[in-house]
Amino acid sequence: MDRELLKGVSRSFYLSMAWLPPAMRDAVALAYMLARATDSVADTSTAAVQERADALRRMAGTIAGDGEDAAALCQTLAERLAPAQDKPAEAELLHRFPQLLQELDAAPDGQRELIRGVLATIIEGQLWDLTHFTADCTAVADDAMTDLYAHRVAGCVGEFWTRLGRESLGDAFCPAARVEIMCQAAIRYGKGLQLVNILRDLQEDAARGRRYLASDPAVWADRAERYLADGIDYARRLGGFRLRFASMLPALLGVKTLRLIRARKGTERVKIPRRAVYASMLRAAWSACPGLS
């Protein structure tokens, strides 16, 4: 796995991923890179919606193991969609898609199937996001739709993280008897992180004809806060410092972002200062040490 490319497409995720135990680190990084590749395609605003949707469906097929269209798809990504990316790292990611598929084929069976499963759900959410909003439909219908979308693009990642950790590390991740309970907490955690993203980008998304909340944002902010608290509790119950630190850091950053959102005036862009990131890392390290938190 190319660590520099991973850092280029997401510095915040890299902070957590780098601390994971080696037995699950590469699988998590590979799943993330595949998801970022599909997300880059979905967000290519210069390409027609139908072209992007078609590429996403073809990417879903190749990730699931259908190799018949792989060569043609990779050519489309390299020649049509990579040049349209605003960020060089995301263009490079689409050029590297064949390499990502090779790494997926080489992954251990259990990890490979978990990666395929979570990518299928994520792409389903990306396709919904891409095709739902039109000139005649600029908002979700109800709260259930928001919750379903948050699950498809982020909640499922929490379950993936948990099942992958158990597959890779066994009891060193969590006891077998707690897997299902941990999965439910991880799903809420993932949805909480996505809700923070939605709340942070409310004005920008509305300007693009996308309203992901059908009810009061303050209610959703409260729900996001509860879900992030579930995430912190989830992280504390994992085995080993590295796991606890890597799993807790995104929740702490999410809590800080949520506070900035609530204090925001007007349409100012919310961004966590670098010093606050370092403070969150210190708190995550402190909380990850048994007997200190």
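Reader: Is R200 buried, exposed or partly exposed?
Author: Keep in mind that this is a predicted model. Buried would need under 20% relative accessible area, and exposed would need over 50%. R200 comes out at 23%. That value lies between the two cut-offs, so R200 is partly exposed.

Reader: Which residue does R200 pair with in a salt bridge?
Author: Look for a carboxyl oxygen within 4 Å of a side-chain nitrogen. For R200, the closest N and O atoms of the pair are 2.9 Å apart. The partner in this salt bridge is D201.

Reader: And D201, does that one count as buried or exposed?
Author: The cut-off to use here is under 20% relative accessible area. D201 has 13% relative accessibility, so D201 counts as buried.

Reader: How many residues apart are R36 and E90?
Author: Start with the contact itself: R36 and E90 form a salt bridge, with 2.4 Å between the closest N and O atoms. The pair links distant parts of the chain, with R36 in helix α3 (residues 22-42) and E90 in helix α6 (residues 88-95). Both residues are buried. Along the chain, they are 54 residues apart.

Reader: How many salt bridges does the structure hold?
Author: We've already met the one between R36 and E90, and the one between R200 and D201. Another joins the side chains of D233 and R237, at 3.0 Å from N to O. The total for the structure is 23.

Reader: Which residues do salt bridges with shared partners join into one network?
Author: A salt bridge can share a partner with another one, and that is how this network is joined up. Its members are D105, D109, R112, E113 and R116.

Reader: What about D233 and R237, are they buried or partly exposed?
Author: D233 has a relative accessible area of 35%, and R237 has 45% relative accessibility. Neither value is under 20%, and neither is over 50%, so both count as partly exposed.

Reader: Why does C156 not bond with C183?
Author: A disulfide needs the two sulfur atoms within 2.5 Å. C183 holds the closest cysteine sulfur to that of C156, and that is too far for a bond. C156 is also buried, at 6% relative accessibility, and the disulfide count is zero. The reason there's no bond is the sulfur-to-sulfur distance, 12 Å.

Reader: Which residues does D205 touch, leaving out those up to four places away in sequence?
Author: D205 lies in helix α11 (residues 202-207). At 10% relative accessibility, D205 counts as buried. With the sequence neighbors left out, D205 touches R210 and Y212.

How values were computed. Residues are numbered from 1 along each chain as its sequence is written. This is a predicted model: local features need pLDDT of at least 70, side-chain atom pairs count only at pLDDT 80 or more; totals for chains, interfaces and linings use all residues. Side-chain values use heavy atoms; hydrogens and water are left out. Helices (H or I, at least four residues) and strands (E, at least two) are DSSP runs, numbered from the N terminus. Buried means under 20% relative accessible area, exposed over 50%, partly exposed in between (1.4 Å probe, protein chains only). Contact means heavy atoms within 4.5 Å.
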